[in-house]
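This report deals with aromatic and nonpolar side chains in one protein model.

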Amino acid sequence: MAGGQDTVVNIAARFLYGAAGSGLQTQGEARVRVDPNPFPQFAEFRWGDEKAPFAEKFMELGSTVTDGDGKATLTIPASEIGDTPDPLVAAVTASVFEPGGRPVREGFNLKVRTRPLYLGVKIDEGQATGRDPPVSFDIIAVNAAGQRVAANGVSYTLISENWDSDWFLQDGKWQWRRTSRDAIVMKGDVNIAAGQPGRLTRRLGWGDYRLEVTGPDGARTVTRF
C-alpha cells in the first residue's frame, strides 16, 4: 500500500455446500503498526524513528453486503493512516456473517509504505581495547519495494544523550524524574550509492547515543544505541 493511495480489499464468500454467499453482511478492520521486519533482505538494518515511533492505530473499514455472486469490497483509506517515515504493516481482517449471525473471518498482513524512500542504519560497535572503541555506521537507501537506490545529500547527526536523575518534593511527596541533555558529537552530509552504503566511523565512549539521518522525500531514521 503506497502513500496517498487507498487500497481495495476484495472479498468472495461461498456457503459450505458451494453456493455463492450472496446477501451476507460483511465488515472489516485493520490494525496498523510499525513493521518489525520491513525489508527482510536487510534484516540487520534498522528503520524508522525510534525516538518518536508511529503510534499503533485501529481502523474500522465499514460494512457492506455481498452481491449475487457472494462478492464485496472494503476500502483501506490512506488518509486515516497518515504520513510517517516509519515502514508500517496493517493486519487486515474481513468478517462475513452467516444468516444465523456467526462471523467467519479471514485476514492477511499488508505492507504499508507512506514514503517513496527509506533509510536503513546498521551499527557495528567495535571491541573496547583500553580506549574508546570505534563505532561504524552503514547507511543504505531503498524504495518502497525494498530495492536499493541512490540517495544524495543525506544529512546525519550523531548525538550523545546525557541523562540526569533528580528528586523533587511535590504536594508533600518525594518524586523523581529523569531528564536528558543532548550534545552533538558530529554532523554532516553523505551520498549513498545504489550498490554501496554510506559509512561513518567514530570513536565513542560508554554512554547512550542516537544517530539521526534525514534524506530526500521525507525519509528519516532515528536509531538509538
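The sections below cover the basis of the values, the ring pairs, the charges over rings and a surface patch.

## Basis

The model is predicted: local features need pLDDT of at least 70, side-chain atom pairs count only at pLDDT 80 or more, and totals for chains, interfaces and linings use all residues. Residues are numbered from 1 along each chain as its sequence is written, and side-chain values use heavy atoms, with hydrogens and water left out.

## Aromatic pairs

Seven aromatic pairs are found in a search of the whole structure; rings of Phe, Tyr and Trp (its six-membered ring) pair if their centres lie within 6.5 Å. F39 and W47 are edge-to-face (planes over 60 degrees apart), because their planes stand at 65°, with the ring centres 4.7 Å apart. Both F39 and W47 are buried (under 20% relative accessible area, 1.4 Å probe, protein chains only). Ring pairs also join F39, F42, F45, W47 and Y118 into a cluster.

F137 and F225 form an edge-to-face pair too, with centres 5.5 Å apart and planes at 65°. This pair links distant parts of the chain, 88 residues apart: F137 is in strand β9 (residues 134–143) and F225 is in the segment after β14 (220–224). Strands are DSSP runs (E, at least two residues), numbered from the N terminus. The relative accessible area of F137 is 0%, and F225, at 19%, also counts as buried.

## Charges over rings

The charged end of R177 sits over the ring of F168, 4.4 Å from its centre. For Arg, this needs CZ within 6 Å of the ring centre and within 35 degrees of the ring normal. R178 lies over the face of W163, 4.1 Å from the ring centre.

How values were computed. Rings of Phe, Tyr and Trp (its six-membered ring) pair if their centres lie within 6.5 Å; planes under 30 degrees apart count as stacked, over 60 as edge-to-face and the rest as tilted. Buried means under 20% relative accessible area, exposed over 50%, partly exposed in between (1.4 Å probe, protein chains only). Helices (H or I, at least four residues) and strands (E, at least two) are DSSP runs, numbered from the N terminus.
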